[in-house]
Amino acid sequence: MCTSRKKYIYSICLVISFFVIIFFIIKNYKKDTCFDDDINLLSFTVAGHVYGNPWGRNQGLYKPFQKYIDICDVGDFVILTGDVFREVNKNSVENIFYEFNQKNIQFYLTPGNHELTGLGMDYIKDHLNYKKNYYSWDFKGFHFISIDSNQIKSDAQFDFLKKDLEDLEELDGI
């Protein structure tokens, strides 16, 4: 059985490997297809700490980020890398969901430490229909994995990540 340190190092290596795999898949997929170079096969926005000022009382998206998603093409979806909420309460969750849904933007949430405050991640998971704080999804032939950095030493999360990456080996082209 691996020690906690070995599991931690293995987890980091797996996450780094995941991003390297995604890079090469995107690079080679575009090269091996009949599409013109100016066609975007996949685009998305990654943002974190979108609630803004930690001393503010903001219950929704940080105003500059709100302006960004109003005027810029965020791509196919948005990945929120944690600290989306200053504090998890009914108003803050409803405001964030309203702002994304009003703009018809699909988003995925990876929890940060602020998602553990107030009503917590269980409340958010109920709104997103997530079963766990970590999960994966496929989009346009690409595979994404969201890991909860608050549970980096979790055996269950580690087992999920290991199995998810092993299952990828069975897919064509990977």
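Which elements are included in what covers the buried residues of helix 2? In this predicted model, the cover includes strand 1, residues 44–47, and helix 3, residues 90–102. The legends below begin with the whole chain and return to helix 2 in a later view.

**Figure 1. The whole chain, with its five helices and five strands.** Followed along the sequence, the elements of this predicted model come in the pattern α-β-α-β-α-β-α-β-β-α. The chain has 174 residues, of which 40% are buried, and the area that it exposes is about 10900 Å², with 53% of this supplied by carbon and sulfur atoms. When contacts between residues at least 6 apart in sequence are considered, 68% of them join residues that are at least 24 apart.

**Figure 2. The open sheet formed by three strands in the order 1-2-3.** The pairing in this sheet is parallel. Strand 1 and strand 3 stand at its edges and have a single partner strand each, so one side of each of these two strands is left without a neighbour in the sheet. On average, and with direction ignored, neighbouring strands of the sheet are turned by 15° against each other.

**Figure 3. The pairing of strand 2 with strand 1 and with strand 3.** Strand 1 is joined by four bridges to strand 2, which comprises residues 77–80, and these two strands run parallel. Strand 2 also pairs with strand 3 in the parallel sense, here over three bridges. A reader can locate both pairings through Val-78 of strand 2, since this residue stands opposite Thr-45 and also stands opposite Phe-107 in strand 3.

**Figure 4. The two faces of strand 1, along which the side chains alternate.** Thr-45 and Ala-47 point to one face and are buried, whereas Phe-44 and Val-46 point to the other face and are not buried. Thr-45, one of the buried pair, is the residue that stands opposite Val-78 in strand 2.

**Figure 5. Helix 2, residues 63–71, with its buried residues Phe-65, Gln-66 and Ile-69.** These three residues cover an arc of only 105° around the axis, which means that they lie on the same side of helix 2. The face turned away from this buried side carries Lys-63, Lys-67 and Ile-71, which are exposed. Strand 1 and helix 3 are included in what covers the buried residues of helix 2, and strand 1 is also linked with this helix in another way, as strand 1, helix 2 and strand 2 together make a right-handed β-α-β unit.

**Figure 6. Two loop residues, His-49 and Asn-104, each with a positive phi although neither is a glycine.** His-49 is found in the loop between strand 1 and helix 2, and its phi is near 55°. With a relative accessibility of 35%, His-49 counts as partly exposed. Asn-104 is found in the loop between helix 3 and strand 3, the latter being residues 107–109, and Asn-104 has a phi of about 55°. The relative accessibility of Asn-104 is 71%, and this residue therefore counts as exposed, the cut-off for that term being over 50%.

Definitions and conventions. Residues numbered from 1 in each chain as written. Predicted model: local features only at pLDDT ≥ 70, side-chain atom pairs only at ≥ 80, totals over all residues. Heavy atoms only, no water. Buried < 20%, exposed > 50% of the residue type's maximum accessible area, 1.4 Å probe, protein only. Contact = heavy atoms within 4.5 Å. Areas by Shrake-Rupley, 256 points an atom, 1.4 Å probe, with all protein chains shown as cover. Arc of directions from axis to C-beta. Pairing = 2+ DSSP bridges. Right-handed = clockwise from strand over helix to strand, strands pointing away. Axes fitted to C-alpha atoms, helices over the stretch in contact; angles between N-to-C directions.
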